[in-house]
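Reader: I am new to this structure and would like a close look at a single part, the aromatic rings and what lies around them. Please take me through it slowly.

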Amino acid sequence: MGPVHRKITRRGFLLNKKIILLIIVILLSGIAYSAVRTPTTPWYEVEDWEIEVCSKFAGQSAPDNAETETGYFSYGTTSMTIQAFKSNYGDEYLYEVYYYIEPYTETQTYSIHLVNENKRISHEIASGTIGVNAGAMDYYTNYSALNFNEVRMVHKYGAFKVPIIQR
């Protein structure tokens with residue numbers, strides 16, 4: 001009866017040793033994971049040369065208009081932004097449109113249009129179907145003799161529109 005008792009004790013000891021080793025591995029993994037830090041960009045004082053460079057290449061004043069719309073629900077189901085400019089070159093306009101749209105809950109379709117409601121003219125510049133967390137963005141430029149005054153993003157929840165800013 002003695003040797004049987006000794007085998008049971010040895011098995012119990014090996015089992016306890018494995019459990020203790022597993023607990024140590026889990027604790028060490030947790031400690032190692034907690035040491036991983038998310039990279040961040042620290043804020044800093046802007047130097048005079050940075051202001052000079054940005055003023056020369058990005059303009060001397062704040063943007064005239066930049067709007068962002070988030071989905072119609074409290075936490076948002078879609079994030080989107082759009083901004084548009086036009087410059088007059090003789091009898092034509094150069095249009096520049098920046099846009100971004102990203103759904104968070106389901107696939108949806110979208111389209112982007114240059115619009116002049118007074119003259120009842122519209123020109124589609126982009127459209128597509130996008131999936132969850134797979135946004136679409138683009139920078140559109142084109143010359144046109146037509147005078148548009150707003151850009152409109154049509155999406156699942158309606159239309160998001162901003163005026164086209166004259167440069």
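Author: What follows is a walk through the aromatic pairs and the charged side chains over the rings. The model is a predicted one, in which local features need pLDDT of at least 70 and side-chain atom pairs count only at pLDDT 80 or more, while totals for chains, interfaces and linings use all residues. Residues are numbered from 1 along each chain as its sequence is written, and side-chain values use heavy atoms, with hydrogens and water left out.

A pair of aromatic rings is described by the distance of the centres and the angle of the planes. Here rings of Phe, Tyr and Trp (its six-membered ring) pair if their centres lie within 6.5 Å, and planes under 30 degrees apart count as stacked, over 60 as edge-to-face and the rest as tilted. By this rule the count is six aromatic pairs. One of them joins Phe 85 and Tyr 98, whose ring centres are 6.1 Å apart with the planes at 85°, so this pair is edge-to-face. Because Phe 85 belongs to strand 2 (residues 78-89) and Tyr 98 to strand 3 (residues 92-103), the pair ties together parts that are 13 residues apart in sequence; helices (H or I, at least four residues) and strands (E, at least two) are DSSP runs, numbered from the N terminus.

For accessibility, buried means under 20% relative accessible area, exposed over 50%, and partly exposed in between (1.4 Å probe, protein chains only). Phe 85, with a relative accessible area of 11%, is buried, whereas Tyr 98, with 31%, is partly exposed.

Another edge-to-face pair is formed by Tyr 95 and Phe 148, at 5.6 Å centre to centre and with 65° between the planes. This pair links distant parts of the chain, since Tyr 95 is in strand 3 and Phe 148 is in the loop between strand 6 (136-144) and strand 7 (150-155), 53 residues apart. Both Tyr 95 and Phe 148 are buried.

Returning to Phe 85, this residue forms one aromatic cluster with Tyr 98 and Tyr 139. Phe 85 also has a charge over its ring, a term used if NZ of Lys or CZ of Arg is within 6 Å of the ring centre and within 35 degrees of the ring normal: Arg 167 lies over the face of Phe 85, at 3.9 Å from the ring centre. In a further case, Lys 86 lies over the face of Tyr 93, at 5.0 Å from the ring centre.
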